[in-house]
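Trainee: I am new to this structure and would love a guided close look at one part of it. Could you take your time and link that part to its surroundings?

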Amino acid sequence: MSGKEGSGGFRKRKHDNFPHGQRREEKENVNPSSAVMVSFKSFQLELDTRHDKYERLVKLSRDITIESKRTIFLLHRFISAPNGGEILNESEVKLDGVRRKIKQVAQELIGEDMYQFHRAISPGLQEYLQRSQDFSTSNSHDKQPHTCSLKVTPVDYLLGVADLTGELMRLCISSVGNGDIDTPFELSQFLRQIYDGFTFIGNTGPYEVSKKLYTLKQSLAKVENACYTLKVRGSEIPKHMLADVFSTKTELIDQEEGLS
Amino acid sequence: MSVSEMFIALQSVLTADQDIREEIRREVQALEQTAREMLTLLQGVHQGPGLQDVPKKCQKAREHFGTVRTQLESLKTKFPADQYYRFHEHWRFVLQRLVFLAAFVVYLESESLVTREAVAEILGIEADRERGFHLDIEDYLSGVLTLASELARLAVNSVTAGDYSRPLRISTFINELDSGFRLLNLKNDSLRKRYDGLKYDVKKIEEVVYDLSIRGLNKEATGGAGGEK
């Protein structure tokens with residue numbers, strides 16, 4: 001019912017095209033218990049069930065997205081300072097919350113064809129993957145594909161990984177700001193591997209993947225430039241000045257990209 | 001697992017996926033060809049002489065459905081049975097077209113609305129999702145909506161051909177269909193968009209009925225039991 005009322009204004013106007021008397025007469029003609037009406041009543045039931053399920057999944061997916069985003073922000077506060085362990089623990093707690101939501105999604109999909117409702121849950125899943133990988137990279141620089149009762153499609157996984165590279169780029173820049181000179185090099189190594197992987201897939205993947213490739217290239221360029229600056233300037237500038245030099249350099253890069 | 005190993009694994013999955021899509025596309029093309037042939041055949045009813053040999057045309061169309069059944073049968077073998085909705089987009093359009101054709105044939109034969117089960121049987125597929133390649137309810141409804149606009153056209157053309165009783169019967173049929181669709185709570189998707197077109201078909205047929213009744217032609221039709229002028 002709600003779907004109909006939601007767009008009520010629009011529909012009402014259209015229906016006014018019909019003279020009212022005619023409408024009424026027509027209704028009398030139709031026998032409410034005829035075969036056609038009975039079958040349409042069952043269609044109504046079937047469609048409503050399907051739409052309800054879809055809406056529930058969309059809501060779950062939204063929740064997963066929000067929680068995952070929050071966890072990413074939390075993880076960006078991760079510096080190899082003493083509070084690092086605390087942040088990891090906290091994000092682990094958040095992670096569990098998201099997993100519970102995902103379990104709910106899996107329950108909704110029991111006995112259903114997963115691909116039928118794929119569009120509803122895809123964004124949330126991607127966000128979750130991104131987050132869960134961000135988490136494991138901060139931990140050990142080693143990605144672990146996540147296993148849960150819900151099957152993750154290869155494409156969702158790929159898109160999630162592509163988003164991850166953006167987060168890694170941010171991590172790289174901010175770690176330089178904190179005076180950490182090793183992380184950028186490790187990250188550029190890792191990003192390069194992922195980039196190679198994506199170019200290997202290239203056009204075989206679906207359209208969305210090739211779109212992400214462009215952004216991925218930009219992230220990689222940023223990180224590589226950062227490493228370059230560190231290498232060149234690092235040898236001639238005293239360590240305590242490094243942060244200053246670097247921040248002006250990244251601003252320059254940002255401006256250039258803004259122009260192009 | 002190293003990063004490059006992971007991507008190699010993913011790549012092979014994607015290639016396999018593309019191969020499946022390629023095969024599905026080929027099958028669907030063959031289906032579209034058959035559907036077009038049937039449509040051309042059935043379009044004959046809109047021409048004066050065509051109205052007379054409707055049963056013969058239906059007979060021929062039914063033969064075509066045999067081809068459709070074998071083609072759908074081979075489509076079924078091209079992908080894993082539990083991934084229907086993954087590739088749904090590929091055959092969605094042609095399946096809706098086939099539903100329309102089946103519904104049209106059944107209407108011409110018996111002037112009744114084909115049930116979802118009957119369409120599934122004509123096409124040689126299942127009505128329930130549980131039992132394999134099935135007919136999605138939205139595809140069925142879309143096909144029925146196409147039937148409505150085709151019948152609006154038929155009403156006009158049958159008057160031109162001198163058959164004054166048919167529009168009246170079509171009118172009752174479409175009105176019932178309209179009431180049925182008004183029971184549904186549709187989402188703002190393609191089916192809703194097509195449903196929005198139904199009222200114009202209803203209107204068109206009502207105009208035809210009006211034209212007939214102010215000229216007293218509808219009485220002549222019921223008296224003469226329809227047919228020659």
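Trainee: In which helix of chain B is the place of Glu27(B)?

Mentor: Happy to walk you through it. Please keep in mind that what you see is a predicted model. Glu27(B) has its place in helix H1 of chain B, a helix that covers residues 3-43.

Let us stay with this residue for a moment. Its relative accessible area is 15%, and Glu27(B) counts as buried because the cut-off for that word is under 20%. What does Glu27(B) touch, once we set aside its neighbours within four places in sequence? The residues in contact with Glu27(B) are then Gln71(B), Ser74(B), Leu75(B) and Lys78(B). One of these, Ser74(B), deserves a second look: its side chain and the side chain of Glu27(B) make a polar contact at 2.5 Å. If you turn the model so that Glu27(B) faces you, try to find that pair first.

Now step back to the chain around it. Chain B has nine helices and zero strands, so if you follow the sequence, you read the pattern α-α-α-α-α-α-α-α-α. Its C-alpha atoms fill a box of roughly 85 × 35 × 25 Å along the principal axes. Glu27(B) has company in being buried, as 52% of the 229 residues of chain B count that way. Contacts that link distant parts of the sequence are also a feature here: among the contacts in chain B with a separation of 6 or more, 77% are between residues 24 or more positions apart. The accessible surface of chain B is about 10,400 Å², and carbon and sulfur atoms hold 51% of that. As for charge, chain B has 31 positive and 35 negative charges, and the mean positions of the two sets are 4 Å apart.

Another glutamate in this chain makes a good companion to the one you asked about. Glu150(B) is found in helix H5, residues 137-160 of chain B. With a relative accessible area of 10%, Glu150(B) is buried. Beyond its neighbours within four places in sequence, Glu150(B) is in contact with Gln43(B), His46(B), Phe100(B) and Phe104(B). Here too there is a polar contact between side chains, this time from Glu150(B) to His46(B) at 2.7 Å. The UniProt record, an unreviewed entry, has the annotation "binding site" covering Glu150(B).

For contrast, look at two places in chain B that are not buried. Lys193(B) sits in helix H7, residues 190-196, and its relative accessibility of 63% makes it exposed. Between Lys193(B) and Gln18(B) there are 31 Å in space, C-alpha to C-alpha, and 175 residues in sequence. Glu111(B), on the other hand, is in the loop between helix H3 (88-110) and helix H4 (116-123). Its relative accessibility is 28%, which counts as partly exposed. The backbone of Glu111(B) is worth a glance as well, with phi near 55 degrees, a positive value in a residue other than glycine. Most residues other than glycine have a negative phi.

Finally, a short visit to the other chain. Chain A has ten helices and zero strands, and 44% of its 260 residues count as buried. In chain A, residues 24 or more positions apart make up 74% of the contacts with a separation of 6 or more. The accessible surface of chain A is about 14,500 Å², with 54% of it belonging to carbon and sulfur atoms.

A glutamate carries an annotation in this chain too: in an unreviewed UniProt entry, "binding site" covers Glu167(A). Glu167(A) lies in helix H7 of chain A, residues 154-177, and is buried at a relative accessible area of 12%. Then comes Leu187(A), in helix H8, residues 182-201. Leu187(A) is buried, with a relative accessible area of 2%. Apart from neighbours within four places in sequence, Leu187(A) is in contact with Leu168(A), Leu171(A) and Cys172(A). Cys227(A) is 40 residues from Leu187(A) in sequence, and the two C-alpha atoms are 9.6 Å apart.

To come back to your starting point: Glu27(B) is a buried residue in helix H1, with a side-chain polar contact to Ser74(B).

Notes: Residues numbered from 1 in each chain as written. Chains lettered and ligands numbered in written order. Predicted model: local features only at pLDDT ≥ 70, side-chain atom pairs only at ≥ 80, totals over all residues. Heavy atoms only, no water. Helix = DSSP H or I, 4+ residues; strand = E, 2+ residues; numbered from the N terminus. Buried < 20%, exposed > 50% of the residue type's maximum accessible area, 1.4 Å probe, protein only. Contact = heavy atoms within 4.5 Å. Areas by Shrake-Rupley, 256 points an atom, 1.4 Å probe, with all protein chains shown as cover. Lys, Arg positive; Asp, Glu negative; His and termini not counted. Charge placed at Lys NZ, Arg CZ, Asp CG, Glu CD. UniProt positions renumbered as here; feature names shortened; annotations may be inferred. Polar contact = N/O pair within 3.5 Å; in protein donor to acceptor, adjacent residues only side chain to side chain.
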